[in-house]
Amino acid sequence: MQNPVEVEIEAEKEPSQQDTEEQQETVRPWTAKLKLDMPTLGPIDVKLRMIGDQVDLSLSTQDTTKQVVDQYWRDIENALKAKGLKLTHGQVRSVTQLGAGDG
């Protein structure tokens, strides 16, 4: 990867016009996709989906990096909780080639 970080953030659907601005932001699903290439950990693909205060977090990485991330998973969950977010689903997957079949 030429750049150490690639980021893509998008709203999954347009809210209806009758919703108030506050309702639009609390119910609109947002997805962020990051591709990281970290010097000590290697490549990590991150997909984060949020609806209100609920977070679905998926990481895809090499097996050795997965082992490291697994050790800190509780810290990730606690950091989200400290920001008022609830991790509803989370996983760290080990893949042999990042970017293949992970959309």
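Modeller: A helix here is a DSSP run of H or I with at least four residues, and helices are numbered from the N terminus. The model is predicted.

Colleague: How many residues apart are Asp70 and Lys66 in helix 2?

Modeller: Helix 2 covers residues 63-71, and both Asp70 and Lys66 lie in it. Their separation is about one turn of the helix. Counted along the chain, that is 4 residues.

Colleague: How far apart are the closest N and O atoms of Asp70 and Lys66?

Modeller: A salt bridge needs a Lys or Arg side-chain nitrogen within 4 Å of an Asp or Glu carboxyl oxygen. Asp70 and Lys66 form such a bridge. The closest N and O atoms are apart by 2.6 Å.

Colleague: Is Asp70 buried, exposed or partly exposed?

Modeller: Buried means under 20% relative accessible area and exposed means over 50%. Asp70 has a relative accessible area of 35%. Asp70 is therefore partly exposed.

Colleague: Which residue forms a salt bridge with Arg74?

Modeller: The partner lies in helix 3 (residues 73-82), as Arg74 does, and 3 residues separate the two, about one helical turn. Arg74 is exposed at 55% relative accessibility, while the partner is partly exposed at 27%. The closest N and O atoms are 3.1 Å apart, and the partner is Glu77.

Colleague: Which residue forms a salt bridge with Lys35?

Modeller: Lys35 lies in strand 2 (residues 29-38) and the partner in strand 3 (residues 42-51), so the pair ties together parts that are 10 residues apart in sequence. The closest N and O atoms of this salt bridge are 3.5 Å apart, and the partner is Asp45.

Colleague: What is the relative accessible area of Asp45?

Modeller: Lys35, on the other side of the salt bridge, counts as partly exposed at 31% relative accessibility. Asp45 is buried, so its value falls under 20%. The relative accessible area of Asp45 is 9%.

Colleague: How many bridges pair strand 2 and strand 3?

Modeller: Strand 2 and strand 3 form a hairpin with 3 residues between them. Within this pairing, Trp30 stands opposite Met50 in strand 3. The pairing is antiparallel, and its number of bridges is 10.

Colleague: Which residue in strand 2 does Glu10 stand opposite?

Modeller: Strand 1 (residues 5-11) is joined to strand 2 by 7 bridges, and the two run antiparallel. In strand 2, the residue opposite Glu10 is Thr31.

Conventions:
Residues numbered from 1 in each chain as written. Predicted model: local features only at pLDDT ≥ 70, side-chain atom pairs only at ≥ 80, totals over all residues. Heavy atoms only, no water. Buried < 20%, exposed > 50% of the residue type's maximum accessible area, 1.4 Å probe, protein only. Pairing = 2+ DSSP bridges.
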